[in-house]
Amino acid sequence: MKKDDLDLAIIGSGPSGLAAAVKARQKGIKNLVVFERDERPGGILPQCIHSGFGLEKFKEELTGPEYANRYIKMAQDLGIDIQLDSTVLELGKDRSIKVVSENKGIRTYNCKTLVLAMGCRERARGSLDIPGTRPAGIFTAGQAQRLINIEGLMPGKEAVILGSGDIGMIMARRLTLEGAQVKAVLEILPYTSGLIRNEVQCLHDFNIPLLLEHTVAEIHGEYRVEGVTVIRVDQRRNPIPGSERFISCDTLLLSVGLIPENELTKMAGLAIDLSSGGPYVDELMETRTPGLFACGNVLHVSDMVDNVSLEGELAAEGAFLRINDKGYVSGGIIDLKADSGISQVVPQRCTRERDVWLNLRVRDPMGKMKIHVGDIMKTTFASARPGEMIRVKIPKKALQELGPADTTLKLRCEEV
Amino acid sequence: MNNEIPVQEGYSGEYDIIVIGAGIIGSMIARELSRFQIRGALIDKEPFPGFGVTKSGMAQIHSTDFCPPGTLKGKLCLDAPAKFKRLAGLLDVTYREVDELWLALESSQIANIEAAKERGEGHGATGYEIIGAERIRELEPHVTEKAVSALYIRGLGVIHPTEWSFALTENAAQNGIETYFNTSVLNIQKAENRQYVIQTSRGAFKTKSIVNAAGLFADEIAWMVQDHHIRLTLRKGSVAILDKSVSHLVRHMIFGTFSETHSQNVAPTAHGNLILGIHYTKTDNKGDTSVDREGIEKIMKLARELVPALSKRDIITSFAGIMAGNTMTGNGDFYIAPSEHAPDLIHVIAGAPGLTAAPGIAELVVKMLSDAGIELEEKKAFQEKRKGWPLFSAALLDKQKEMIASNPKFGHIVCRCEQVTEGEVTEAIHRGAGTLDAVKHVTRAGMGRCQGGFCGSIVLGLLSRGLGIPPQEVTKKGGRSFIAEGAMGE
Ligand SMILES: Cc1cc2nc3c(=O)[nH]c(=O)nc-3n(C[C@H](O)[C@H](O)[C@H](O)COP(=O)(O)OP(=O)(O)OC[C@H]3O[C@@H](n4cnc5c(N)ncnc54)[C@H](O)[C@@H]3O)c2cc1C
């Protein structure tokens, strides 16, 4: 057996990675390093200069950079080693990593435990098959956000936004505030895919036209975008011929979904849950490889940074148990399965050792509804939308009352 | 590479030979001409070589099995893989050896592959084999169970055509050929002393001879010299690229059936993705490189008939190229001939597989120029080698360490999907890649699954710094294709 160089390596310094690092150090894990490929810590947060972060965690409304800075400060105060400009190129099945950076060159580490916190990327035009030309002026919403907030450049003067994800709606407001005209936000579904809060505060409050059940049929312009043809879709999302309309614009922003970045995860031989987009984990975010944890957007795309930080803390708890060879599991594993009305469940399995927080998404928007956790409990919610994560806590006690033969809990929902 | 020629009254000098068009064919010709003691220039309207049809093909170096008997293209494609392989060593560019499997999906199709074998061998190619179902499965386990037999040709290859065009123009320039990009040919006049005057968007050139390698625009160039018999026929070919995570599914260039509307083909690319093609549609617009949903569906359907495990979910991008045929030859053959009015102006009208034939075409054109009385004397100091820069992602660990030791910027990953470093991007910019698309094509930064979502703004910054211009002046592909519409607060 090779000796381990690190007790804990954390890949990514976004909110999940930083929370994991802070918690791990507080629990006494000393030999830990956070690797970050960017030149600054914080992940995607430094470019999210709008407010709305930290309501649960800090009980105040912070901007993205402020939220990140709290964690960065905590990490610094605890003397945590965050290596910036450091890209992890490879993750072995044996929990070894290969890292490269400008100032330190290439190095490899064997790690006793690892937390994967690489975040997600935005779906690009190529995977959407939007017909048309290939001019400049097509950006993902996050790219445009980075351009404005970090580089100080305006992506364009007249924009159409395809997709009503949160970053897209936030960018609609941002562009408007910067003097650009947002001519429309198009959403193929009959409802926005981001948070209601963003729909109201970013679109309605600024009188930005929201065209539900619409998509882009064609992009025009040779050098720079000159306009888009938009088209209505039917209930099955098929374009309705004859409903085409040209909107002139110089910019098209895409806010059509986020994809967990699991290239390293796959390299380590882990299977990906196609409904969540991330690896399978238990309630302490441990993947099917002992000692390898995943949290944050690499696991499933979250709409609340506070939850992401909590996941990081759970992963740190798990890593702590593994490093100290504390009994991790006993009493039999329970599989958590999405059933009627539910599209995804994270974690996908749990032990009976502690309270378990479930993250669920519903398939379709609903009014007042109930979530059933097997037959052991149910919770009522005033409403639910696919764009919003639902969190349900299963108390440890309820799990321990299950018989040894109860190895599956089905999650389902019903409108009431 | 972006030599500014003064826009002027007179001429920027007198040339022996000017090549119009720096696609794979024009670049190959320019490099071949650079062996000789001539004053030559290569002109292209795009900001970078290989940005015409060349950038949008399947990029395969074929054998002669697609060339009808007795055709010029059959002659020019013979031994193409060996020529490319040799050049790859000299030019320090990627050539990936890939074998061909042309499948018969039912017994009635066996006649097609037998005919292809006969056709290919008729041109002199060797090493063809017809294999059975079991052998197919051994070679390519994910191929459809319907495959009953296949034509198996070993030792073909795939390249990245823009990388090659760039390397060829660099090597030509090293040997004294002047290169002018962002330079459109607007008109050609006959002057005194049997000379031509080429009017361009950036000044005039006087030359003794011209090679028209303008690809899709070769007809328009021909019309400038009254060769009105040159007519092209166009069709659009659409293809799709898949994420590298499914690359293990296909190791050969696999073909199925061919028709007016498709060439059924799934193959690896030089850089390890899979490419699916080709769906054809009629077009009369040379700039029409859009791909519609129906096109994607068709491509996917064709591909899944060959390899059922492929999925639309894995498409990272799609694009189209215009394929040029001509009305002069009738049987789809190339038309490479001097002007009807003068032997010292050569038209090169090559459709598919023009990439494969490029080295053969270059040799032929040199011979035609020599026959036309242009003096071609070999240079003693011809430098046949060109040096690229090391690819970080492809290098072994020791080499990677050495790269970083020589320049720490090789330790800074700019494009995470393709693992391209700042060292590579800076080198490419320094050597003439002056747009986002040019950088993408020669370094692969932005070619991966996120399609530049993350690295786009970093490359923008490096371009701005490298070119010494403000970021809002950086373009995607020249002209007015500015990435940003001004700085904030303007
Ligand atoms: C979908 C598709 C798949 C293909 N697959 C293959 C394959 O697998 N194997 C193969 O061998 N072949 C293939 N081909 C064919 C091959 O790509 C072409 O034959 C080849 O690239 C043609 O090269 P070119 O240099 O003639 O043309 P181009 O690359 O178009 O070069 C012409 C150049 O001339 C310049 N130009 C034009 N007009 C002017 C002007 N007025 N002034 C200045 N410059 C001008 C253009 O900017 C351009 O750079 C494929 C083609 C398509 C469309």
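In which order do the strands of the open three-stranded sheet of chain A lie, and in which sense do they pair? In this predicted model, the order is S21-S23-S26, and the pairing is antiparallel. At the edges of this sheet lie strand S21, residues 342-346, and strand S26, residues 390-394, each of which pairs on one side only. From one strand to the next, the twist averages 30°. A closer look at one pair helps to place the sheet in the sequence. Strand S23 of chain A, residues 356-362, runs antiparallel to S21(A), and four bridges join the two. Within S23(A), A:Arg361 is the residue that stands opposite A:Gln344. As a general reminder, the strands of a sheet are paired through hydrogen bonds of the backbone, in either a parallel or an antiparallel sense.

Chain A also holds an open sheet of five strands, arranged in the order S22-S20-S27-S24-S25, and here the pairing is mixed. Strand S22, residues 349-350, and strand S25, residues 377-381, are the edge strands, and each finds a partner on one side only. The pairing of S25(A) with strand S24, residues 369-373 of chain A, is antiparallel and extends over five bridges. For readers following along in the structure, A:His372 is a handy landmark, as A:Lys378 in S25(A) stands opposite to it.

The two sheets can be linked through the chain itself. Between S21 and S22 of chain A there is a loop, and A:Pro347 is found in it. The peptide bond that joins A:Val346 to A:Pro347 is cis, with omega at about 0°. On the side of S21, this loop follows an edge strand of the three-stranded sheet, and on the side of S22 it leads to an edge strand of the five-stranded one. Chain B offers a cis peptide bond as well, between B:Ala352 and B:Pro353, where omega is again about 0°. B:Pro353 sits in the loop that runs between strand S17 (345-349) and helix H9 (354-371) of chain B.

Backbone angles also draw attention to two residues that are not glycine. A:Lys59 has a positive phi of about 60° and belongs to the loop between strand S3 (51-53) and strand S4 (62-63) of chain A. How exposed is A:Lys59? Its relative accessible area is 66%, so A:Lys59 counts as exposed, the cut-off being over 50%. In chain B, the phi of B:Gln419 is positive too, near 50°. B:Gln419 is located in the loop between strand S18 (413-415) and strand S19 (420-421) of chain B. With a relative accessible area of 21%, B:Gln419 is partly exposed.

Stepping back to chain A as a whole, its secondary structure comprises eight helices and 27 strands. The C-alpha trace spans about 65 × 60 × 40 Å along its principal axes. The radius of gyration of chain A is 22 Å, which agrees with the value near 22 Å that a compact globule of 416 residues would have. Of the 416 residues in chain A, 58% are buried. Among contacts in chain A with a separation of 6 or more, 61% come from residues 24 or more positions apart. The accessible surface of chain A amounts to about 16,500 Å², and carbon and sulfur atoms contribute 48% of it.

Conventions: Residues numbered from 1 in each chain as written. Chains lettered and ligands numbered in written order. Predicted model: local features only at pLDDT ≥ 70, side-chain atom pairs only at ≥ 80, totals over all residues. Heavy atoms only, no water. Pairing = 2+ DSSP bridges. Axes fitted to C-alpha atoms, helices over the stretch in contact; angles between N-to-C directions. Rg over C-alpha atoms; globule rule 2.2 N^0.38 Å. Buried < 20%, exposed > 50% of the residue type's maximum accessible area, 1.4 Å probe, protein only. Contact = heavy atoms within 4.5 Å. Areas by Shrake-Rupley, 256 points an atom, 1.4 Å probe, with all protein chains shown as cover.
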